[in-house]
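Here are a few short exercises to work through with the model on your screen. Try each task before you read its solution.

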Amino acid sequence: MSDCLFCKIITGEIPSNKIYEDDQCYAFYDIQPQAPVHFLVIPKQHIVSAEELTEENAAVVAHIFAVIAKLAKQLNLLQGYRIVNNVGEDGGQTVKHLHFHVLGGRSLAWPPG
């Protein structure tokens with residue numbers, strides 16, 4: 001998707017503070033962190049949101065969750081962390097590319113404020 005912010009980050013057209021990359025996904029720190037540790041993990045394949053997941057493309061989500069677990073250990077999120085996925089405008093999704101926020105490094109209240 002040529003006009004997608006996250007697709008441009010993946011290709012390097014827009015700079016990011018990358019923490020991980022493989023053939024299926026890309027992880028980078030959020031530019032407006034909401035916790036001491038706040039990064040995003042996105043599939044390299046352009047999928048607009050969780051609503052577009054199908055039997056054919058859903059395996060990438062399992063891979064992303066395995067990557068999140070690996071990164072959380074590397075970043076010493078040993079007391080826990082939160083994974084957030086927003087879907088659609090009412091769900092708070094601002095970039096139309098499937099992505100998972102990972103927040104940690106402090107106690108996280110619920111509901112989020």
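**Exercise 1.** How many helices and strands does the secondary structure of the chain come to?

*Solution.* Keep in mind that this is a predicted model. Going through the chain, you should find two helices and five strands. Next, put them in order: starting at the N terminus, the elements run α-β-β-β-α-β-β.

**Exercise 2.** Check the radius of gyration of the chain against that of a compact globule.

*Solution.* Start with the rule: for 113 residues, a compact globule would have a radius of gyration near 13 Å. The chain has 14 Å, which agrees. Then look at the extent along the principal axes, where the C-alpha atoms fill a box of roughly 35 × 30 × 30 Å. Finally, turn to contacts: among those with a separation of 6 or more, 53% are between residues 24 or more positions apart.

**Exercise 3.** Describe the burial, the surface and the charges of the chain.

*Solution.* Of the 113 residues, 37% count as buried. The chain exposes about 6800 Å², and carbon and sulfur atoms supply 52% of that area. For the charges, take the mean position of the 8 positive ones and that of the 12 negative ones; these two points are 11 Å apart.

**Exercise 4.** Find the aromatic pairs, and work out how phenylalanine 6 and phenylalanine 28 are arranged.

*Solution.* A pair of aromatic rings is described by the distance of the centres and the angle of the planes. The count comes to three aromatic pairs. In one of them, phenylalanine 6 and phenylalanine 28 are 5.6 Å apart centre to centre, with 70° between the planes. Planes over 60 degrees apart count as edge-to-face, and this pair is edge-to-face. Now place the partners: phenylalanine 6 lies in helix 1 (residues 5-11) and phenylalanine 28 in strand 2 (residues 25-29), so the pair ties together parts that are 22 residues apart in sequence. Phenylalanine 6 is buried, at a relative accessible area of 5%, and phenylalanine 28 is buried with a value of 5%. Ring pairs also bring in Tyr26, giving a cluster of Phe6, Tyr26 and Phe28.

**Exercise 5.** Why is the pair of phenylalanine 65 and phenylalanine 100 classed as it is?

*Solution.* The ring centres are 5.4 Å apart and the planes are at 80°, so the pair is edge-to-face. Phenylalanine 65 sits in helix 2 (residues 59-74) and phenylalanine 100 in strand 5 (residues 100-104), and the pair links these distant parts, 35 residues apart. To finish, compare burial: phenylalanine 65 is partly exposed, with a relative accessible area of 38%, whereas phenylalanine 100 counts as buried at 6%.

Methods. Residues numbered from 1 in each chain as written. Predicted model: local features only at pLDDT ≥ 70, side-chain atom pairs only at ≥ 80, totals over all residues. Heavy atoms only, no water. Helix = DSSP H or I, 4+ residues; strand = E, 2+ residues; numbered from the N terminus. Rg over C-alpha atoms; globule rule 2.2 N^0.38 Å. Buried < 20%, exposed > 50% of the residue type's maximum accessible area, 1.4 Å probe, protein only. Contact = heavy atoms within 4.5 Å. Areas by Shrake-Rupley, 256 points an atom, 1.4 Å probe, with all protein chains shown as cover. Lys, Arg positive; Asp, Glu negative; His and termini not counted. Charge placed at Lys NZ, Arg CZ, Asp CG, Glu CD. Phe/Tyr/Trp six-rings, centres within 6.5 Å; stacked < 30°, edge-to-face > 60°.
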